[in-house]
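The following exercises are to be worked with the sequence and the three-dimensional structure at hand. Each task is followed by a solution in steps.

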Amino acid sequence: MIRLAAVGDVHAGVECEGRLRSSYQHVAERADVLLLAGDLTRCGEPSEAEVLARELADVPVPVVAVLGNHDHQANRASAVRAAIENVGVHVLEGDAVELPIGEWRLGIAGVKGFGGGFLGRCATEFGEPEMKAFVRHSRETADRLEAALGELSPACDLRVALMHYSPVADTLQGEPPEIHPFLGSYLLAEAVDRAGVDLALHGHAHRGTERGLTAGGVRVRNVAQPVLQHSYRVYVLHPKGTKRAA
Amino acid sequence: MMTERPDRQVDTDEYAAQQVRNTLALDGRGSELGVDVRVVGRHLYLGGSVASVEQREAVERVATENAGGRDVHSDIVVVATDEGGDEEDLR
């Protein structure tokens, strides 16, 4: 089995120095890898990322992350990413990482993702340039996720998609339906289903619910910390007999 | 002759709540999109989760400054920093 610890929306601020370390240092007792589903920082300031990086520096398991919308707020996403990568965290954006976990090989592909909405209630790449740009970004990020999943080697025993925005509306239950188009896109689910993964993780929807399913039958978990109400959740996956969506 | 316009109520609870939500998102002290804001008459209610006690206080401060003199009631909780929640076995 492979044990994944996952959390999103940590929203680290400079005042969080020294407060997250105790949670993560013991993660090796419960999990083989720690996944961070975006919104690592509150305002997207490199100083906030450096605080989080120091908290993660001694985590004794591999850490894999994607950025979220908050990490872009200060227009310094590259510096945020660099600060986190500086302590050995794999930060994914349209790429993937493969990790040996005991006798198994775990493949993780990640993107931030974007909004756009869900089947029957989604935006279309039509009309004003602003609307086209909005939907284009959503489509392109989903395309990058699918390509990254496709690059994972067949040797991977388990494949996980890590996002910030949600691929399904299931895990948004509790959020006002009117804002669902700003919380995720079905294009992410379509990418996940086409590529075939064992688990899809996301954050972003603080008032949502934890559990959902794509149309293709892939389990989805919303690991936004306000949903979990814990430092992280541990998911146990079993490489043999895992389900691949058609 | 101009048509007489009906009295319009523009200072509604809904507009006031949205103004506070917008300020919480954009004010560098808050930068919170996930805080619930409701206004009922002379009262403003805050809810949701934030990462730290300092952040909760910052949000409450920004909301109070922009509450238009309303009484601010905060149910914001600070997310626990613990050793993780229950394990889920996915078979």
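**Exercise 1. A salt bridge between chains**

B:E88 is buried, at a relative accessible area of 9%; buried means under 20% relative accessible area, exposed over 50%, and partly exposed in between (1.4 Å probe, protein chains only). The model is a predicted one, in which local features need pLDDT of at least 70, side-chain atom pairs count only at pLDDT 80 or more, and totals for chains, interfaces and linings use all residues. Side-chain values use heavy atoms, without hydrogens and water, residues are numbered from 1 along each chain as its sequence is written, and chains are lettered from A and ligands numbered from 1 in the order in which they are written.

Task: Determine with which residue B:E88 forms a salt bridge.

Solution.
1. A salt bridge is a side-chain nitrogen of Lys or Arg within 4 Å of a carboxyl oxygen of Asp or Glu.
2. The partner of B:E88 is A:R211, with the closest N and O atoms 3.7 Å apart.
3. Because B:E88 lies in strand β6 of chain B and A:R211 in strand β11 (residues 211-213) of chain A, the pair joins two chains. Helices (H or I, at least four residues) and strands (E, at least two) are DSSP runs, numbered from the N terminus.
4. A:R211 is exposed, at 52% relative accessibility.

**Exercise 2. The sheet with strands from both chains**

Task: State the order of the 6 strands in the open sheet and identify the strands at its edges.

Solution.
1. The order is β4(A)-β3(A)-β2(A)-β1(A)-β13(A)-β6(B), with mixed pairing. Two strands pair if DSSP finds at least two bridges between them.
2. β4 (90-91) of chain A and β6 (87-90) of chain B each have a single partner strand, so one side of each has no neighbour in the sheet.
3. Within the sheet, β1 (residues 2-7) and β2 (residues 33-37) of chain A run parallel and are joined by 4 bridges. A:A6 has A:L35 in β2(A) as its bridge partner.

**Exercise 3. Helix α1 of chain B**

Task: Check the span of helix α1 of chain B and find what its buried residues pack against.

Solution.
1. Chain B follows the pattern α-β-β-β-α-β-β-β along its sequence.
2. The expected span of a helix is 1.5 Å times one less than its number of residues. For the 14 residues of α1 (residues 13-26) this should give 20 Å, and the end C-alpha atoms are 20 Å apart, which agrees.
3. The buried residues in α1(B) are B:A16, B:A17, B:V20, B:T23, B:L24 and B:A25.
4. These buried residues pack against β1 (36-40), β2 (43-47) and α2 (53-65) of chain B.

**Exercise 4. Charged side chains in chain A**

Task: Establish which parts of chain A the pair A:R194 and A:E146 ties together, and whether A:K112 is buried or exposed.

Solution.
1. The side chains of A:R194 and A:E146 form a salt bridge (3.0 Å, N to O).
2. A:R194 lies in helix α5 (residues 186-195) and A:E146 in helix α4 (residues 129-151), so the pair ties together parts 48 residues apart in sequence. A:E146 is partly exposed, at 23% relative accessibility.
3. A:K112 lies in the loop between β6 (104-111) and β7 (117-118) of chain A.
4. A:K112 is buried yet has no salt bridge; A:E93, the nearest side chain of opposite charge, is 6.2 Å away. For charge, Lys and Arg count as positive and Asp and Glu as negative, while His and the chain ends are not counted.

Terms used. Contact = heavy atoms within 4.5 Å.
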